[in-house]
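Student: I am new to this structure. Please take me through one part of it closely: the second largest pocket and what surrounds it.

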Amino acid sequence: MQRKAYVTGIAALLAALLAGCTSGSGGDGPTDNANPGDAGTATVAAQPGKYRTLPEPCGVIDHDTLDSLLPGIKQLADPEQRDRAYQGDATLTYNTDRKVGCHWKVESADATDRLAVDFERVVSYDNAVSDDDQAQKLFEEKETAADLPEPTSATPATPASSAGTATPTPTATASDDASPSATETSPDATPTDLQPRVLSDLGDEAYLDDQLGSSGSTAGPRTVTVVFRTSNVVVTIEYEEQPTATGTVPDSKEMQDRARDLASQLDDALGS
């Protein structure tokens, strides 16, 4: 009887020890790698872009705007041919959710006009980079490639002397009089307000480029390019005019005004 009682007591002691170990190693306590300070926190993914779809590029421009950009359309006598000219040709793309475009080419009695419009919806695959930031990077790459000239500003007037004495006017020298740049301006020079430049009144950021001819020549077609970004969509407009008459130069202001008006319409169409 005493031996049985002794064995029973040992068994009870072992059971108590095992129960204590089990409760001490349960899932309620922190593990060796746990950090109490990180409890309840999670990595916040960057915000997605505003746009999930793109407009239909060949149908987003109304007929009145196309008439202005492509005067030859109204000169087409055949109604079916005119309708095809309005429709344009869709740019080949393999993912219409990400990139779409349309282009037109119309000849008139005075010139051949070409217009191309492209929409690109940018999506970032990096959780730390938002769609907008990725689109901004793409826009900056395009702007850098355009190599816009440094903006120029008018020379400020010389302030009057605090003592009330007039600032003496420098006397012209023979070398100053002989310099043609001091008194003459090249007839082909582009006015400052029409030079390639950043645009501050379009989308989140925008720029305009204006190129005449090729390799710096003053002959050939003029191409006006407007690129703007609205949230995670980058829009590119290329408007080109090739005059029929040799030596005729397309009007820079007229083409820029037309391209900028179109850009504003497309920005509105996106619903920015």
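Tutor: Here is a walk around that pocket, with a short look at two loops afterwards. Keep in mind that this is a predicted model.

Start with the space itself. The second largest pocket holds about 190 Å³. Its lining includes Leu-76, Gln-81, Arg-84 and Ala-85. Gly-88 and Asp-89 are also among the lining residues. His-103, Trp-104, Lys-105 and Val-106 belong to the lining too. By type, the lining has four nonpolar, three polar and three charged residues.

Which elements each supply at least two residues of this lining? They are helix H3 (79-87) and strand E2 (99-107). E2 gives the most, with four residues.

Now look at the ends of H3. At its start, a side-chain oxygen of Asp-78 comes within 3.1 Å of the backbone nitrogen of Glu-80. Just after H3 sits Gly-88, with a positive phi of about 70 degrees. Gly-88 is also one of the residues lining the pocket.

Positive phi turns up at other residues as well. Asp-147 is not a glycine, yet its phi is positive, near 55 degrees. Asp-147 lies in the loop between helix H4 (131-146) and helix H5 (174-178). Ser-231, again not a glycine, has a positive phi of about 55 degrees. Ser-231 sits in the loop between strand E6 (222-230) and strand E7 (233-243).

Are these two buried or exposed? Asp-147 has a relative accessible area of 64%, so it is exposed. Ser-231 has a relative accessible area of 6%, so it is buried.

Note on methods. Residues are numbered from 1 along each chain as its sequence is written. This is a predicted model: local features need pLDDT of at least 70, side-chain atom pairs count only at pLDDT 80 or more; totals for chains, interfaces and linings use all residues. Side-chain values use heavy atoms; hydrogens and water are left out. On a 1 Å grid over the protein atoms alone, a cavity is a set of points where a 1.4 Å probe fits but cannot get out, and a pocket is an open set with protein on both sides within 12 Å along at least five of seven lines; lining residues have an atom within 4 Å of a point. Grid points are joined across faces, edges and corners, and a volume is the space filled by probe spheres set on the points. Ala, Val, Leu, Ile, Met, Phe, Trp, Tyr, Cys and Pro count as nonpolar, Asp, Glu, Lys and Arg as charged, and the others, Gly among them, as polar. A polar contact is a pair of N or O atoms within 3.5 Å; within protein, one must be able to donate a hydrogen and the other to accept it, and residues adjacent in sequence count only if both atoms are side-chain atoms. Buried means under 20% relative accessible area, exposed over 50%, partly exposed in between (1.4 Å probe, protein chains only).
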